[in-house]
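This report is for a reader who has not met this structure before. Please look over the sequence and the model first.

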Amino acid sequence: MLKPATTDIEALKILDDRLRWLSAWTVHHANHIRESADGLKVGGHQASCASMTAIMSALYFHALGVNDRVAVKPHAGPVLHAIHYLLGSQSREQLENFRGFGGAQSYPSRTKDKIPVDFSTGSVGLGVAITLFASLVQDYLSAHGWLDEADRGRFVALIGDAELDEGNIYEAIIEGAKHDVRNLWWIIDYNRQSLDATSADRMFERFDEIFRSCGWRVVELRYGKRLQAALAKHAALRPWFEKLSNAELSALHYQGGAAWRTRIETDLGKKASAFLKEQDDAALATLLTDLGGHCMETLVEAFDAAQDDVPTLFIAWTIKGFGLPFAGHKDNHAGLMNPTQLGALREAMGVREGQEWEPLEGVGDNARTGVEALIDRARIAQEKRSRSFGTVAITALPAPSGEEQSTQAAFGRILLDLSKQGGDLANSIVTTSPDVTVSTNLGAWVNQRGLFRRSDMPDVFAKAKIASAQKWSGNNQGQHIELGIAESNLFLMLAAVGLSGDLFGKRLFPIGTLYDPFIARGLDSLNYACYQDARFLLVATPSGITLGPEGGAHQSINPPLIALGQPGLRHYEPAYADELATMMEEAFRLIDDPNGESTYLRLSTRSVEQVERLDDDWKQGALAGGYWLREPDNGAEAAIIAMGAVMPEALAAWEELKEDVPGLGLLSVTSPDLLHRGWTAAQAARWKGERNPSHIEQLLSRLSSNAGLVTLADAAPASLSWLGGVLGQRVAPLGVEKFGQTGSLTDLYAAYRLDGSAITEAVAELLLPA
Ligand SMILES: Cc1ncc(C[n+]2csc(CCOP(=O)(O)OP(=O)(O)O)c2C)c(N)n1
Ligand SMILES: [Mg+2]
């Protein structure tokens with residue numbers, strides 16, 4: 001890398017000032033100038049922005065390469081927008097509409113913002129960790145020949161220091177260490193303040209140790225050049241400075257020069273008199289706030305020195321609100337400058353009234369050329385590959401044969417068959433699992449395709465000729481990424497692989513498996529993946545109480561409800577192997593479709609007798625959320641509605657009741673999620689004059705308007721009980737509301753009322769007069 005000229009440093013400092021001004025002004029404009037229609041607080045984080053404008057100036061206008069990707073600390077969103085404004089890739093209208101409908105978003109958003117955002121952020125900690133998984137995906141693509149050396153980049157996370165309290169960060173670096181992760185820069189804006197107050201003392205030394213033990217290089221940028229020189233010159237100063245607590249340091253930064261002087265006089269007396277004589281109060285404040293994260297020379301030097309691929313943590317000391325009137329105040333997180341304070345800042349920055357949005361306002365003629373040159377050079381940092389969709393042919397997935405099958409076993413078989421068949425789709429699949437590969441039936445696939453490891457990992461057991469059904473060797477052509485038991489990592493991995501088309505121009509098909517109840521363990525990461533429009537297939541198995549003796553703490557009740565409320569994720573719950581094959585095909589199609597989404601398959605270990613099919617007519621219904629497994633008569637008075645693993649009970653009850661209840665139908669629900677979406681969408685469309693009934697309305701309108709519906713699911717009864725609201729029919733909801741008891745299926749179904757007699761009783765109650 002070229003050594004930056006002094007003029008570049010000067011220009012970077014000017015850009016730092018421009019970013020501080022524009023981010024503060026964007027927030028100010030939204031709060032104090034734009035008209036408020038509803039009187040709600042708009043908000044924004046001027047202090048969090050000012051804390052890292054120097055870091056971001058050095059990064060974006062000096063250090064970033066064309067392929068590098070960045071996750072920006074959520075509260076520094078306005079700085080990212082200001083950078084793009086200077087680059088010409090963000091409009092003034094978007095900034096004027098910051099936090100408004102359709103305007104620049106509060107926190108950087110891949111899907112909502114108009115500027116290129118590499119990773120969405122907002123839920124602290126997750127944006128940090130996803131950069132690590134994206135770097136693993138980059139290594140995966142390189143190893144498989146899908147990414148040229150010239151297209152590789154570095155993954156950068158800009159991190160608030162309080163973000164480091166999020167446990168998911170440590171789960172991620174442990175996983176990263178196992179996979180020998182590289183090409184990461186994590187830069188901490190170490191302002192020692194969180195939302196509520198100043199943060200706990202002395203933690204940064206611990207952070208050092210934690211990261212170092214995971215193989216990271218830690219670079220501490222504590223002092224700027226001038227402060228460094230002063231500390232070197234005046235021996236008593238450094239130990240004194242380093243003993244100040246986070247709270248004391250912040251308070252002094254806030255109070256300014258006179259307070260510093262008094263405190264130094266009190267603590268050091270004569271030992272500091274030479275030092276104090278050298279500067280007046282203003283100079284003293286400037287000197288003592290010259291921390292590493294605000295010193296351009298320090299930042300540029302540190303970035304230039306870290307050009308290898310060793311994962312690097314930069315701890316850049318900063319002051320929250322640097323350069324603003326509330327710098328260092330413990331309450332400044334959501335602090336907003338008032339118009340007078342903003343006016344003073346405007347003048348101090350040489351911005352003329354009325355010219356606040358002028359990108360290079362206040363930049364003198366002499367400096368302008370250098371600043372423009374840096375902006376021009378940085379333009380390459382925003383060239384991004386376009387999204388990649390529709391590049392892989394989705395082959396038909398035949399249903400595995402067998403009169404009795406479980407959906408979990410069928411999942412393993414379908415993948416195995418696909419693997420043996422080979423082709424584009426099979427080669428583009430990446431599977432991953434948090435230590436439940438074998439128990440979720442991914443084993444056969446892994447035997448075929450192997451574990452992914454950058455360097456060869458021999459199968460020691462196989463070499464020693466110890467009998468095992470499971471091969472466990474890895475190399476750089478493997479297609480399964482084995483994770484430790486950290487479900488949050490699973491979802492972040494799915495998010496990163498699921499963005500491969502966007503980030504690297506090559507669409508991969510991620511499949512992640514875990515036990516259904518443990519979805520809850522990674523829920524925010526799952527939401528985060530969906531929020532970014534990452535595309536993946538999540539296979540959750542086993543599920544419900546149907547796992548019988550294995551049950552207890554592994555039973556799951558509410559994931560279908562989670563899926564019902566999770567945008568970007570489609571829930572399918574098959575009862576039969578042929579349904580599953582159809583759903584997997586659809587899930588792959590949705591991964592590779594610009595308007596698609598991710599899919600959650602809820603599977604079971606229960607082996608059930610498969611149904612005979614006369615034709616393929618059921619498929620369309622199954623993909624749309626449900627179909628009549630046993631057709632009702634028109635105007636029938638009752639129907640059994642069942643989902644997934646309990647279908648045998650529903651079928652048996654239907655057989656038993658069909659003579660007594662004329663026209664009784666049996667509806668197989670394959671996706672309450674899709675049915676519900678279709679229903680609400682059709683209602684909304686009716687207000688616009690469109691009168692197409694939704695799939696569930698069409699299905700249920702076959703029945704009489706006051707028909708009785710018995711719903712049955714190995715899940716919370718609310719997953720299906722809402723069906724009564726569609727046409728106002730009466731419902732008896734059967735399902736599981738408690739968990740934790742192990743037992744045989746017969747015992748459990750009887751105890752939780754999922755068996756034939758419960759269905760019969762429920763039908764009787766709905767049909768017989770009280
Ligand atoms: C998961 C999550 N919990 C809580 C919040 C609310 N929150 C936003 S910022 C913040 C503190 C941020 O402090 P720090 O990371 O040090 O950033 P700074 O503003 O000091 O740069 C909190 C608690 C959040 N955004 N995400
Ligand atoms: Mg902080």
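The sections below describe a five-strand sheet, the helices on it, the surroundings of a ligand, and a buried strand with its partners. The model is predicted.

## The five-strand sheet

An open sheet is built from five strands in the order 1-2-3-5-4, and their pairing is parallel. Strand 1 (69-71) and strand 4 (217-221) are the edge strands; each has a single partner strand, so one side of each has no neighbour in the sheet. Direction ignored, neighbouring strands of this sheet are turned by 15 degrees against each other on average.

One of the pairings is that of strand 3 (residues 184-190) with strand 5 (residues 312-317), which run parallel and are joined by six bridges. Within this pairing, I188 has I315 in strand 5 as its bridge partner. Strands of a sheet pair through backbone hydrogen bonds, in either the parallel or the antiparallel sense.

## Helices on the sheet

Helix 6 (residues 126-143) packs on the sheet and touches strand 1, strand 2 (155-160) and strand 3. The direction of helix 6 makes about 170 degrees with that of strand 2.

Helix 15 (residues 296-304) also packs on the sheet, where it touches strand 3, strand 4 and strand 5. Here the angle between the direction of helix 15 and that of strand 4 is about 165 degrees.

## Around ligand 1

Which residues are closest to ligand 1? They are S48, K73, D161, Q193 and K320, out of 18 residues that surround ligand 1.

Oxygen atoms of ligand 1 take part in several polar contacts. From the backbone, an N or O atom of E163 lies 3.3 Å from an oxygen atom of the ligand, and a polar backbone atom of Q193 is 2.8 Å from an oxygen atom of ligand 1. K320 contributes a polar side-chain atom, which lies 2.8 Å from an oxygen atom of ligand 1.

## Strand 17 and its partners

Is strand 17 (residues 636-643) largely enclosed or largely open? Seven of its eight residues are buried, so strand 17 is largely enclosed by the rest of the structure.

Strand 17 pairs in the parallel sense with strand 19 (residues 703-713) over seven bridges, and M643 stands opposite A713 of strand 19. Strand 17 also pairs in the parallel sense with strand 18 (residues 665-669), over five bridges. In that pairing A639 stands opposite G665 of strand 18. Together with helix 28 (residues 647-657), strand 17 and strand 18 form a right-handed β-α-β unit.

How values were computed
Residues are numbered from 1 along each chain as its sequence is written. Chains are lettered from A and ligands numbered from 1 in the order in which they are written. This is a predicted model: local features need pLDDT of at least 70, side-chain atom pairs count only at pLDDT 80 or more; totals for chains, interfaces and linings use all residues. Side-chain values use heavy atoms; hydrogens and water are left out. Buried means under 20% relative accessible area, exposed over 50%, partly exposed in between (1.4 Å probe, protein chains only). Helices (H or I, at least four residues) and strands (E, at least two) are DSSP runs, numbered from the N terminus. Two strands pair if DSSP finds at least two bridges between them. A crossover is right-handed if, with the strands pointing away from the viewer, the path from the first strand over the helix to the second runs clockwise. Axes are lines fitted to C-alpha atoms, for helices over the stretch in contact, and angles run from 0 to 180 degrees between N-to-C directions. Contact means heavy atoms within 4.5 Å. A residue is near a molecule or strand if one of its heavy atoms lies within 4 Å of it. A polar contact is a pair of N or O atoms within 3.5 Å; within protein, one must be able to donate a hydrogen and the other to accept it, and residues adjacent in sequence count only if both atoms are side-chain atoms.
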